[in-house]
Amino acid sequence: MTNLSPLQIERLKYEPKLPSSLANGISHLVSVEGSATQSVANQDEISALFRNTYGKPTVTFKTSSESHSCEARNVGVILSGGQAPGGHNVIAGLYDALKQANPLNKLYGFLGGPSGIIEGKYVEFDDKFIDAYRNTGGFDIIGSGRTKLETEEQFQSSWEVCKKLGISAVVIIGGDDSNTNAALLAEWFVAHNAGIQVIGCPKTIDGDLKNEQIEISFGFDTATKTYAELIGNIERDANSAKKYWHFVKIMGRSASHVALEAALQTQPNITLISEEVEQKRMSLSSIIDYISDIVVRRSNNGKNFGIAVIPEGLIEFVPELKSMIANLNDIMSTLESNSAYTNGTDADKIAIIENTLSSENSSVFKSLPALIKSQLLMDRDPHGNVQVSKIETEKLLISMVEERLASLKKEGKYSGKFSTQSHFFGYEGRCAFPSNFDADYCYSLGFNAFALINFGLTGYLSSVRNLTAPATEWIAGGVPLTMMMNMERRHGEMKPVIKKALVELDGPVFKKLETNREDWAMNDRYLFPGAIQYFGPSSVCDITTVTLALEKSLVKA
Ligand code: FBP
């Protein structure tokens, strides 16, 4: 093999593990139905919007000794949204199940995300194609995109493309927004008697697509281990040089699961959790108080260094900023047709925004540094979200802490040094080689997605549970997408969306941080997790995340 690293060559040979129900073969599966389901909130609105797919039961797969034949069918697959380690294995698992069920089955991959199905851009997979991507990171097998599948025309063209290719099922691999689209498409196909099923797979490094049936989205395990390795390395550097405060922003658009997990793996001096900031109604100024207090106390102990971990989504949880951003989002959707705004310079835009925001929100906006103002005005993603990965919250906090320390110095309350380094870890983790956990989990999710298709289901999310047990004991099945939905305001309108799972402040994972953070702030309890291990003892290769272990009560809080 040419142009492959030694690790690539070895990983291509890895054989992912499957739950024993699925390992016994597609033709031996039976599906066991649970009771009818309801959406997590707004049941009347959601059931009215999803008349054909609402209220279906959850399903679990078991093995039967009897074998049934599977008729030939064509399936399409889409990768949607941000990359997450393991996406290629979902496709490999889906392909293997489909070929095992009937060698005449075909798998098409739509190119560049949801736009591929609308525009009819696709590839057909074969063994050689799939084999080159097994157990690799990235989504480059077919690419991804953030096009929001929601209009009548988009659904209609997707149907035309599927008809042309003889596709009777589509698998959408995505996060909460993409799986909301999967639910809308599933409903539309049933309402139009299209005879096309839609199955989702829970992807996102953010870890916020979870509930009783979905223990974790894929990619979280690998991405958090990658960030933890990097933070651990920085901790060791800080502890060696003893001269910098490192402010590390960690990806995760809204919920703080990624930052929390990376912090539990590395025990830095400061960890901010957005959900706590919101619940305690901490203003930006009180966050600066909290950080500055630790900087001063450590300095009094002769330590002018430390590590602060900041979740990417923080800015949207600080109460005064949250209200300002909501106001800003509504205004920006109306300004799309205002040429003075769209053709204006950054300074023009800022002036228009400052004049249009409510007076309270306008003063909050005005108080921010110019850099952050411009970053807040960048285009929203197609789902209407602020692109928080582009907002340099770590730099905002550094400059505000610097100002606070300068005043404390003037008052004679601080005499230390505050030299800083800022970091943002996000893209570094999204395409890492999937850990053994993600390689196995993703392969199982893809294999299981075909099982759901084979049982004629639509509007379901592929679910593999019991994830802290050995893979053979994992439980495979499906959960109706509508079960996870509620109504939320998007682009100024109420829309059905899959509810994000935020960090629970009374849950064991946050409690572990809360119990230890004063000790971690003052005493250096840094942990150095090192790089993900793919070969070697199971105690390091198959280690689960602290989040999953605590949520499943495997370790003490
Ligand atoms: P998904 O929700 O699509 O999985 O994407 C998650 C994410 O990685 C966020 O953590 C991050 O804010 C965002 O994508 C960045 O998006 P982009 O790749 O478009 O910069």
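Entry 1: The chain as a whole

Two residues are in contact when they have heavy atoms within 4.5 Å of each other. With that definition I looked up how the contacts are spread along the chain of this predicted model. Among contacts between residues at least 6 apart in sequence, 78% join residues at least 24 apart.

I then looked up the overall dimensions. The chain has 557 residues, and a compact globule with that number would have a radius of gyration near 24 Å; the chain has 24 Å, so the two agree. Along the principal axes, the C-alpha atoms fill a box of roughly 80 × 60 × 50 Å. I noted 23 helices and 15 strands.

Next I turned to the surface. Of the 557 residues, 58% are buried. The accessible surface comes to about 22000 Å², and carbon and sulfur atoms account for 49% of that surface. I also recorded the charges: there are 54 positive and 65 negative side chains, and the centres of the two sets lie 4 Å apart.

Entry 2: A parallel sheet

Strands of a sheet pair through backbone hydrogen bonds, either parallel or antiparallel. I looked up an open sheet of 4 strands, and its order is E9-E10-E8-E11, with parallel pairing. Which strands are at the edges? The edge strands are E9 (270–271) and E11 (420–425), each of which pairs on one side only.

I examined one pair of this sheet in detail. Strand E8 (residues 245–250) is joined to strand E10 (residues 306–311) by 6 bridges in the parallel sense. Within this pair, Lys-249 stands opposite Ile-310 of E10.

Entry 3: Strand E3 and its partner

I looked up how well strand E3 (residues 74–79) is covered, and found that 6 of its 6 residues are buried. Both faces are covered: one side carries Asn-74, Gly-76 and Ile-78, and the other carries Val-75, Val-77 and Leu-79. Strand E3 runs parallel to strand E4 (residues 106–110), and 4 bridges join the two. Asn-74 has Lys-106 of E4 as its bridge partner.

Entry 4: Strand E2 between two pairings

Strand E2 (residues 57–63) is mostly covered, with 5 of its 7 residues buried. I traced its pairing with strand E1 (residues 29–36), which is antiparallel and has 6 bridges. Here Val-30 has Lys-62 of E2 as its bridge partner. Strand E2 also pairs with E13 in the antiparallel sense, over 2 bridges. In that pairing, Val-59 is matched with Gly-478 of E13.

Entry 5: Gly-478

The last pairing led me to Gly-478, which is in strand E13 (residues 475–480). Is Gly-478 buried or exposed? Its relative accessible area is 2%, and because buried means under 20%, Gly-478 counts as buried.

I listed its contacts, leaving aside neighbours within four places in sequence: Thr-58, Val-59, Leu-452, Tyr-460, Leu-461 and Ser-463. Val-59 is thus in contact with Gly-478 and is also its bridge partner.

I then looked up two C-alpha distances from Gly-478. Ala-340 is 138 residues away in sequence and 50 Å away in space. Gly-175 is 303 residues away along the chain, and the separation in space is 16 Å.

Entry 6: Gly-175

Gly-175 lies in the loop between strand E6 (167–174) and helix H8 (176–191). Its relative accessibility is 8%, and it therefore counts as buried. Not counting residues up to four places away in sequence, Gly-175 touches Lys-203, Thr-204 and Leu-209.

Entry 7: Two residues with positive phi

I looked up two residues that have a positive phi although neither is a glycine. Gln-267 has a phi of about 55°, and Arg-281 has a phi near 50°.

Where is each residue found? Gln-267 lies in the loop between helix H10 (257–266) and E9. Arg-281 is in the loop between helix H11 (274–279) and helix H12 (284–300).

I finally recorded how far each is covered. Gln-267 has a relative accessible area of 14% and is therefore buried, whereas Arg-281 has 62% and is therefore exposed. The cut-offs used here are under 20% for buried and over 50% for exposed.

Terms used:
Residues numbered from 1 in each chain as written. Predicted model: local features only at pLDDT ≥ 70, side-chain atom pairs only at ≥ 80, totals over all residues. Heavy atoms only, no water. Rg over C-alpha atoms; globule rule 2.2 N^0.38 Å. Buried < 20%, exposed > 50% of the residue type's maximum accessible area, 1.4 Å probe, protein only. Areas by Shrake-Rupley, 256 points an atom, 1.4 Å probe, with all protein chains shown as cover. Lys, Arg positive; Asp, Glu negative; His and termini not counted. Charge placed at Lys NZ, Arg CZ, Asp CG, Glu CD. Pairing = 2+ DSSP bridges.
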